[in-house]
Amino acid sequence: MPLQETTAPPGPGTTPQPLTDAQLGLWLVHQIRPDDADLHVVRAFRVSGPLDDIALRRALEDVTTAHPALRSLHPADGPEGPVRAVLPPPGTPDWSDLGSASDRELAEFHRRPFDLETETPLRAGISRPGPDGRTLVAFCFHHIAMDAVSAAVFCRDLAAAYDARIGAGPPAAATRVCGLAIPPVAARTRTAGRAGAEEAGAYWAHRMTAPPAPLLHAPAARVPVTGRPARTAALRRGAPAALTLRQTAQAAGVTTHMVLTAAYARALGEVFGRDEVVVGCPVSLRGAADADVVDCLVTMLPLRLRLQSASGTSLYQQVRERSIEAQRHRAVPAAVLAMAAGTATLESPYQAVIDVRQDTEPRLPLRGCHTVAVETEAGSVQYPLDLEARVGDDTVRLVLRTDAVTVPRHQADAVLTALDGLLWPTPPPPDSRSQGGAL
């Protein structure tokens, strides 16, 4: 049974809604740098086998019907500012011709700007089959409607919809994809009431008073450097290092995310000569009811960390306490954070950011086909120092993206070296090591 024959929930309908606090921040940054590809989320796959092009296109229509965020416009003319206006289903996105599926064509697809006011935040692309018989299929989303967790939900639902379109999926799959009741995102993520907003504002005003000096002596040191050229370096460790990381977390009574954040903060302190740093950590606003929602449900919160605690509290425990506090006060506009830190509205109140995620390859299991994920880089960076830590059962990969304008290469390399030594003082066996360096 095709998914479009299943009654889809109306979702937010066509009534414009105010943007969530996280989306408003992204919308404002987009107005300043509309051509910034660092705000794009891409999932690309090389597909071998008998791909049904028509079924895939119709499956995408079914998924956009199920998820209103993917068929939304974001005009500026709401009564209180920019809004989300949901188009009627299916809100079919444009399909781009990816030509011969070269890396250059994929990069151009990744970097092509969105017009959020007149264009939905999703575009799709497909290539001609290459000499090896493989087809490149790619999806590019604007971050205002997509995060990493939502990308996994999108791929899962697209695969189920494709199965139904080629007659290989049971009707239950169609019901699961389109039978989801999606409450308005603004109602889920905005601060609840004046009292909650005042409490959150008071907390951040206390926590961010007289922030520490910038790590970088440059005008853009505290500002998102969206659109600047990026320099990328990586460090990969094998199974022994992954085990050590888990054991360290267990012994300290914290998560691996907290161990990595603490080590990153200390590495920054060592390299830049600081005894206090502010690290931005993305947190999910996703609750149990949002497990299957496709939307941007992630925001960034600052953790202010003293590297030498006067109370004797370990840095691990300090990260844990600050993380719990930040989570309790997470529904707060970015402007409130900036004001508390004494910065301008669009300046970031953190000096560096870290994103820790499970090291799993994106999957798009199209029935009868073999798909392989393809990575693509924006070539730009949103923050001067941005660490992505990917942790799996048998590998740990640290990817440090830095602003090539304000962060010298030797400092970026020094941060990775310090981080390596802090996380693994005793080097793992040689067969689990690989040299870091520019990718």
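**Salt bridges, cores and a few unusual backbone spots**

Glu108 counts as partly exposed because its relative accessibility is 47%, and the partly exposed class runs from 20% up to 50%. This value, like everything else here, comes from a predicted model. Arg104 ends up on the other side of that upper cut-off: with a relative accessibility of 53%, Arg104 counts as exposed. These two residues are partners, since Glu108 forms a salt bridge with Arg104 and their closest N and O atoms sit 3.0 Å apart. Both belong to helix H3, which covers residues 103-111, and they are 4 residues apart, or about one turn of the helix. That spacing makes sense, because an α-helix has 3.6 residues a turn and residues three or four places apart point the same way.

Helix H3 has a buried side to look at as well. Its buried residues are Glu105, Leu106, Ala107, Phe109 and His110. What lies over them? The cover for the buried residues of H3 includes strand S2 (40-48), strand S5 (95-97), strand S6 (122-126), strand S7 (135-142) and S12.

The backbone leading up to H3 also has some oddities. Most residues other than glycine have a negative phi, and most peptide bonds are trans. Ala101 breaks the phi pattern: this residue is not a glycine, yet its phi is positive, at about 65 degrees. Ala101 is found in the loop between S5 and H3. It counts as buried because its relative accessible area is 9%, and the cut-off for buried is under 20%. A cis peptide bond turns up between Pro89 and Pro90, with omega at about 0 degrees. Pro90 is part of the loop that runs between strand S4 (83-86) and S5.

Back to charged pairs: how many salt bridges does the model hold? The count comes to 17 salt bridges. One of them joins Glu325 to Arg207, with the closest N and O atoms 3.1 Å apart. Distant parts of the chain are linked by this pair, as Glu325 is in helix H10 (residues 315-328) and Arg207 is in helix H7 (residues 193-207), 118 residues apart. Are these two residues buried or exposed? Both Glu325 and Arg207 are buried.

Another salt bridge brings together the side chains of Glu377 and Arg401, at 2.8 Å from N to O. This pair also links distant parts of the chain: Glu377 is in the loop between strand S12 (370-374) and strand S13 (380-381), while Arg401 is in strand S15 (residues 396-403), 24 residues apart. Their surroundings differ, as Glu377 is partly exposed with a relative accessible area of 36%, whereas Arg401 is buried at 13%. The two residues are also part of a network of salt bridges that links Glu375, Glu377, Glu388, Arg390 and Arg401.

Then there are the nonpolar cores. The largest one has 57 residues, and Leu260, Tyr264, Leu268, Leu398 and Leu423 touch the most other members. Helix H9 (residues 256-272) supplies the largest share of this core, with 10 residues. Leu398 gives a good feel for the crowd: neighbours within four places in sequence aside, Leu398 is in contact with Ala233, Ala234, Leu235, Leu260, Leu387, Glu388, Ala389, Leu416, Leu419, Leu423 and Trp424. Another core lies apart from that one, and its 31 residues include Val47, Ala151, Val294 and Leu364.

Methods. Residues numbered from 1 in each chain as written. Predicted model: local features only at pLDDT ≥ 70, side-chain atom pairs only at ≥ 80, totals over all residues. Heavy atoms only, no water. Salt bridge = Lys/Arg side-chain N within 4 Å of Asp/Glu carboxyl O. Helix = DSSP H or I, 4+ residues; strand = E, 2+ residues; numbered from the N terminus. Buried < 20%, exposed > 50% of the residue type's maximum accessible area, 1.4 Å probe, protein only. Core = buried A, V, L, I, M, F, W, Y, C linked by side-chain atoms within 4.5 Å. Contact = heavy atoms within 4.5 Å.
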